[in-house]
Amino acid sequence: MLSLVGKMRIILIGLGVVGQAFLELLELEKTDLYGKYGLHPVVVAAADSSSMVYNPRGLDVPSLLRHKRSRGTLRGYPDEVLDIDLVRDVDAEVVVEVTPSNFKTGEPGISHIRAALQTGKHVITANKGPLAIEMPALVEMFQHKGLRLLFSGTVGGGTPFLRFVGKCLSGERIVSIRGVVNGTTNYILNRMEEGKSFQEALREAQEKGYAEADPSNDVDGWDSAAKLVILSNWAMDLGVTLKDVSVRGIRGVEITEDMLSRGKTVRLIASADESGLRVQPEEIDKRDPLVVPGALNAVSFTAEISGRHTLIGKGAGGRETAAALIRDLVELKLYLGGAEPCS
Ligand code: HSE
């Protein structure tokens, strides 16, 4: 098998901020990836929303990135192909799926992931939509086929919340999760504490690139709810989807002087415990570990014996999320190379 001699052929679907950062990091890290893990990634195909490129010997990544950045599209690139179903028709070990998250239908991500499954390819994704909508079924189908579905970039950008709870707290039952998992709303609430209006703060968050393509997914709580679904299925084995979460966003929230003088503030909290799954703005003590500045994320996992563990880190950003994709690639390589099974 090709992967056993080091090469891992990749089909990259989605060339937005995360997809481009992934290609950049692959180039930057390729010597280390080979030296440390024997991993030799070869991007054989890529697609953006307007076109597709394919070269069975491997695409020239720097030249592809230059083309995409200067023209804003893959159209016109020398390896451009038409009338081909990249995921189904191209031979590769793994599909990296990073199209925008759609919390209503999960598309086009769900179709790409299902096509990969049907054609025997592993999947690495940072797309929250498909998992929010059908994570229990997708996970079961991949397991059944002996394929890996890796998604550490879906929650927390580059911060390994899923790895942390999956690996560091293994052997213990997780009884509850409580977290701030949306960078945009956390940024907005922090700025509102400093006296900015909701609209001003949202505009700043968009300018800084934290917000989703449709920022109402951040503001109305859907991005947090999707991440809560992924976290709680992974850590608590709940078998839930987005429709199991009660969701309320931060529109209309006020942070008053009185609240601040009492040492309180408001944060958009995603929580899962025996009473259910919720995303809602909550008044919270300013000294709580979940009260983090800027666009940071923070998640507390409460384990049955060892208690509350809180991990804090950057939850958004193209490069950070791309780092999670690379991490998953390494995990996949270790798995294919006969190392211990990965998450
Ligand atoms: N819009 C998301 C956030 C990006 O603000 O957290 C990372 O998923």
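Colleague: Happy to start with the ligand. How many Å lie between an oxygen atom of the ligand and an N or O atom in the side chain of Thr184?
Modeller: Here an oxygen atom of the ligand faces an N or O atom in the side chain of Thr184. Keep in mind that this is a predicted model. A polar contact needs a pair of N or O atoms within 3.5 Å, and the pair at Thr184 is separated by 2.7 Å.

Colleague: Which residue has a polar backbone atom 2.8 Å from an oxygen atom of the ligand?
Modeller: The residues around the ligand include Asn182, Gly183 and Thr184. For an oxygen atom of the ligand, the backbone partner at 2.8 Å belongs to Gly183.

Colleague: And which residue has a polar backbone atom 2.8 Å from a nitrogen atom of the ligand?
Modeller: Further along the chain, Tyr210, Ala211 and Glu212 are also among the residues around the ligand. The backbone atom that lies 2.8 Å from a ligand nitrogen is in Tyr210.

Colleague: Thr184 interests me. Which residues of H8 are in the contact with H7?
Modeller: Helix H7 covers residues 183–193 and helix H8 covers 198–207, with axes 9 Å apart. From H7, the contact uses Thr184, Tyr187, Ile188, Arg191 and Met192. Their partners in H8 are Phe198, Ala201, Leu202, Glu204 and Ala205.

Colleague: How many residues of that contact of H7 with H8 are nonpolar?
Modeller: Sorted by class, one residue of this contact is polar and two are charged. The nonpolar ones number seven.

Colleague: Let's move to the other helix pair. Are H1 and H2 roughly parallel or roughly antiparallel?
Modeller: The axes of H1 (residues 17–37) and H2 (residues 61–71) come within 10 Å and cross at roughly 150°. Angles over 145 degrees count as roughly antiparallel. The two helices are therefore roughly antiparallel.

Colleague: Is the crossing of H1 and H2 left-handed or right-handed?
Modeller: On the H1 side, the residues that meet H2 are Gln20, Leu23, Glu24 and Glu27. On the H2 side they are Val61, Pro62, Leu64, Leu65, Lys68 and Arg69. As for the hand of the crossing, it is left-handed.

Colleague: Now the loops. Is the peptide bond from Glu107 to Pro108 cis or trans?
Modeller: Pro108 sits in the loop between strand S5 (94–97) and helix H4 (109–118). Omega for the bond from Glu107 is near 5°, and the bond is cis.

Colleague: One last loop: what is the phi of Asp83 near?
Modeller: Asp83 is found in the loop between strand S4 (80–81) and helix H3 (86–89). Its phi is positive, in a residue other than glycine, with a value near 50°.

Note on methods. Residues are numbered from 1 along each chain as its sequence is written. This is a predicted model: local features need pLDDT of at least 70, side-chain atom pairs count only at pLDDT 80 or more; totals for chains, interfaces and linings use all residues. Side-chain values use heavy atoms; hydrogens and water are left out. Axes are lines fitted to C-alpha atoms, for helices over the stretch in contact, and angles run from 0 to 180 degrees between N-to-C directions. Helices (H or I, at least four residues) and strands (E, at least two) are DSSP runs, numbered from the N terminus. Angles under 35 degrees count as roughly parallel, over 145 as roughly antiparallel, 65 to 115 as roughly perpendicular and the rest as oblique. A crossing is left-handed if the near helix is turned anticlockwise from the far one by less than a right angle, and right-handed if clockwise. Contact means heavy atoms within 4.5 Å. A residue is near a molecule or strand if one of its heavy atoms lies within 4 Å of it. A polar contact is a pair of N or O atoms within 3.5 Å; within protein, one must be able to donate a hydrogen and the other to accept it, and residues adjacent in sequence count only if both atoms are side-chain atoms. Ala, Val, Leu, Ile, Met, Phe, Trp, Tyr, Cys and Pro count as nonpolar, Asp, Glu, Lys and Arg as charged, and the others, Gly among them, as polar.
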